Amino acid sequence: MTNVIVVASGKGGTGKSTVCICLSVALLRQGKRVLLIDCDCGMRGLDIMLDIEQDILFDASDAVCGNCSFAEAIYKSKNNDNLFLMAAPFDAENELSPSVFRQLVDAVKHSYDYVIIDSPAGIGSGFMTAAAPADSALIVTNAEPTSVRGAVKVRKKLEALDMRFIRLVINRFDKKVFRRMGFYPDLDAVIDASQTQLIGIVPFDMQISVVMQRGAAGMESGTAFQSFDRVAGRLQGMRVPLNLKGML
Ligand SMILES: Nc1ncnc2c1ncn2[C@@H]1O[C@H](COP(=O)(O)OP(=O)(O)OP(=O)(O)O)[C@@H](O)[C@H]1O
Ligand SMILES: [Mg+2]
C-alpha cells in the first residue's frame, strides 16, 4: 500500500521543502520508491533542489488539463533511480482544487511506496489541496513561539480533515540558540506547546542549505541527514529512540 504524506507548516520557511527532499532520500536508502509532489503552486522549488529544473516541461496542471499524460508529468531524479518528482504549476492561478488533486494522486500513486507532498505554508487553499489526498501528515516547526503556534493551527485543520497520523518535526534546531532565546525551558515544552506527537528533531546544519540550493540532493552525509534516516525508520514503525536529553 502507498503511504501518502503531506508536509505542512503554519509559518513559511520552517523547512518543509528541505524535509520533503531529505526524508525522500532517507526512504530511498531504506529501499523505498518515492514520488515527490510539489504542491507549492506558483512558488515551486523541489525541481531546483533536485537539479532537474531544466527538464520540467509539464507540471501537475498540465497533467489534469490533458496537455500531457500523467506519466509525462513525472520526472526521475538525476541521482536516484527510485526518486521521482511531479512539479507544482508554475503560475499561481493554475492551482488545483482539492478534489482534482486527490484524483490525480490516486491515479499515479500505485507504483510508489511513498508519495510525499510539499505543501505551501499556512492553512489556505494551497494547503487544503496539498492535504486532500494524504493519509498522514508531518508538521514542520522551528523551536520558537510563532512557528509553534502555526503548527497548532495546522494540526487543528488536519484533524478537521480527519487526518489520523499527524507528527511533528522540529527542524533547524540549535541548542545554543535555543538556550539563549529562552522561550522554552526544554524540548518537552516545545512538544507540549505544539500539541503534536514528535517524530524527529533535525539539527541546524549549514551543509543542508548548501546541498539543497546546489541541487545536489541525493549525495548527503552528516548529522542532520542522519536524523532523516531516523524519521524514515519511525515512519515505517521501527523503534528508534528519540533521546531528547541528548539534544540539550
Ligand atoms: N536543518 C536545517 N539546517 C539549516 N538550514 C536549513 C535546515 N532546514 C532548512 N534549512 C534552510 O532554511 C531555508 C528554508 O527552508 P525550506 O525552503 O525548506 O523551507 P519551507 O518551509 O519549504 O519554506 P516555504 O514556506 O517558503 O515553502 C532554506 O534556506 C533551507 O536551506
Ligand atoms: Mg517550501
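**Entry 1. Second largest pocket**

I began with the elements that line the second largest pocket: β7 and α7 (175-181) each supply at least two residues of its lining. I note at the outset that the model is a predicted one. I listed the lining residues by position. N142, A143 and E144 are among them, as are N171, R172, F173 and D174. V177, F178, M181 and F204 complete the list. I then sorted this lining by class and found six nonpolar, two polar and three charged residues. The volume of the second largest pocket I recorded as about 170 Å³.

**Entry 2. Largest pocket**

I turned next to the largest pocket, for which I noted a volume of about 390 Å³. Its lining is made up of 21 residues. Which of them lie nearest the centre of the largest pocket? I found G13, T14, G15, T18 and R172 there. R172 is thus a residue I had already entered for the lining of the second largest pocket.

I also looked up which elements contribute. At least two lining residues of the largest pocket come from each of α1, β7 and α9. The largest share belongs to α9, with four residues. By class, I entered 10 polar, six nonpolar and five charged residues for this lining.

**Entry 3. Ligand 1 and its shell**

Where does ligand 1 sit? I located ligand 1 in the largest pocket. I counted 17 residues around the ligand, and K16, T18, R172, D205 and S209 come nearest. T18 and R172 also stand in my list of residues nearest the centre of the largest pocket.

Four elements each give the shell at least two residues: α1 (16-29), β7 (165-173), β8 (198-203) and α9 (206-213). Here the largest share, three residues, is that of α1, whereas in the lining of the largest pocket the largest share is that of α9. I classed the shell residues as eight polar, five nonpolar and four charged.

**Entry 4. Polar atoms facing ligand 1**

I then looked up individual distances to oxygen atoms of ligand 1.

- For R172, a polar side-chain atom lies 2.6 Å from an oxygen atom of the ligand.
- For S17, a polar backbone atom is 2.9 Å from a ligand oxygen.
- For T14, a polar backbone atom is 3.2 Å from an oxygen atom of ligand 1.

I followed these with the surface areas. Ligand 1 taken alone exposes 640 Å², and the protein buries 79% of that.

**Entry 5. Enclosed space**

Finally, I asked how many cavities of 30 Å³ or more a search of the whole structure finds. The search returned one. I recorded a volume of about 50 Å³ for the largest cavity. Its lining consists of D38, C39, C41, A60, P89, E95, L96, F101 and T129. By class, I entered six nonpolar residues, two charged residues and one polar residue for this lining.

**Entry 6. Cross-check on R172**

I closed by collecting my entries on R172. R172 lines the second largest pocket, lies among the residues nearest the centre of the largest pocket, and is one of the residues that come nearest ligand 1.

Technical notes:
Residues numbered from 1 in each chain as written. Chains lettered and ligands numbered in written order. Predicted model: local features only at pLDDT ≥ 70, side-chain atom pairs only at ≥ 80, totals over all residues. Heavy atoms only, no water. Near = heavy atom within 4 Å. Polar contact = N/O pair within 3.5 Å; in protein donor to acceptor, adjacent residues only side chain to side chain. Areas by Shrake-Rupley, 256 points an atom, 1.4 Å probe, with all protein chains shown as cover. 1 Å grid on protein atoms, 1.4 Å probe; cavity = no way out; pocket = protein on both sides within 12 Å on 5 of 7 lines; lining within 4 Å. Sits in = over half its atoms within 2 Å of the grid points. Nonpolar A, V, L, I, M, F, W, Y, C, P; charged D, E, K, R; others polar. Points joined across faces, edges and corners; volume = space filled by probe spheres on them.
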